[in-house]
Amino acid sequence: MAITMCCWRCNADRPLLTDEEYQQVFRVSFMEQIRKYREETGMGLRQAQTDVGAAALATYERITGFKENNPFALYHHRLSLYGPPCDKCGKPLRTPAANFCAACSAPRRHANV
Ligand SMILES: [Zn+2]
Ligand SMILES: [Zn+2]
């Protein structure tokens, strides 16, 4: 299940994809898909971006129920980019390397073994 949280890049609530769901949206990278699509169809870059983007957006909508308009935004709507959840407030830290929580500014407790 995709988790909805406030995407600080879009500055709005967006469902974020787990890695598994992300694989469904982008089996290979967006640019790679566009390159292949152009090879197969001879489409211009703009048209290829629109077509490949529409397919990615449709998959995203099927998984999350949310209608996103910008295929490039899907790139960062990926839960693993947001790092582990904060110990204190449970919100994902904004990056996997974050040292403190952007929401409540609690320092990150590194789970060292
Ligand atoms: Zn976003
Ligand atoms: Zn926090």
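**Two zinc sites, a hairpin and a core**

Student: How many bridges join strand β1 to strand β2, and which way do the two run?

Tutor: This is a predicted model, in which local features need pLDDT of at least 70, side-chain atom pairs count only at pLDDT 80 or more, and totals for chains, interfaces and linings use all residues. Residues are numbered from 1 along each chain, ligands are numbered from 1 in the order written, and side-chain values use heavy atoms, without hydrogens and water. Strands are DSSP runs of E with at least two residues, and helices are runs of H or I with at least four, numbered from the N terminus; two strands pair if DSSP finds at least two bridges between them. Strand β1 (residues 3–7) and strand β2 (residues 12–16) are joined by five bridges, and they run antiparallel.

Student: Which residue in the hairpin of β1 and β2 takes a positive phi?

Tutor: Within the paired strands, Thr4 stands opposite Pro15 in β2. Four residues lie between the strands of this hairpin, and the one with a positive phi, near 55 degrees, is Asn11.

Student: Why is the arrangement around the zinc ion (ligand 1) called tetrahedral?

Tutor: Donors are N, O and S atoms within 2.8 Å of the metal (3.2 Å for Na, K and Ca), and sites may look incomplete because water is not among the atoms. Here the donors are Cys7 (SG), Cys10 (SG), His76 (NE2) and His77 (NE2), at 2.0 to 2.2 Å, with the spacing C-x2-C-x65-H-H along the chain. Four donors count as tetrahedral if all angles lie between 85 and 135 degrees. The arrangement is tetrahedral because the four donor atoms subtend angles of 101 to 120 degrees.

Student: Are Cys86 and Cys101 buried or exposed?

Tutor: Both belong to the donors of the zinc ion (ligand 2), which are Cys86 (SG), Cys89 (SG), Cys101 (SG) and Cys104 (SG), lying 2.3 to 2.4 Å from the ion. Cys86 and Cys101 both lie in the segment after α4 (71–74), so the pair ties together parts that are 15 residues apart in sequence. Buried means under 20% relative accessible area, exposed over 50%, and partly exposed in between (1.4 Å probe, protein chains only). By that measure, Cys86 and Cys101 are both buried.

Student: Which helix gives the most to the largest nonpolar core?

Tutor: A nonpolar core is a set of buried Ala, Val, Leu, Ile, Met, Phe, Trp, Tyr and Cys residues joined through side-chain atoms within 4.5 Å. The largest has 13 residues, and Leu17, Val25, Phe26 and Leu74 have the most contacts inside it. At least two residues come from each of α1 (19–25), α2 (30–41) and α3 (45–64). With six residues, the helix that gives the most is α3.

Notes:
Tetrahedral: all angles 85-135°; square planar, octahedral: opposite > 155°, others 65-115°.
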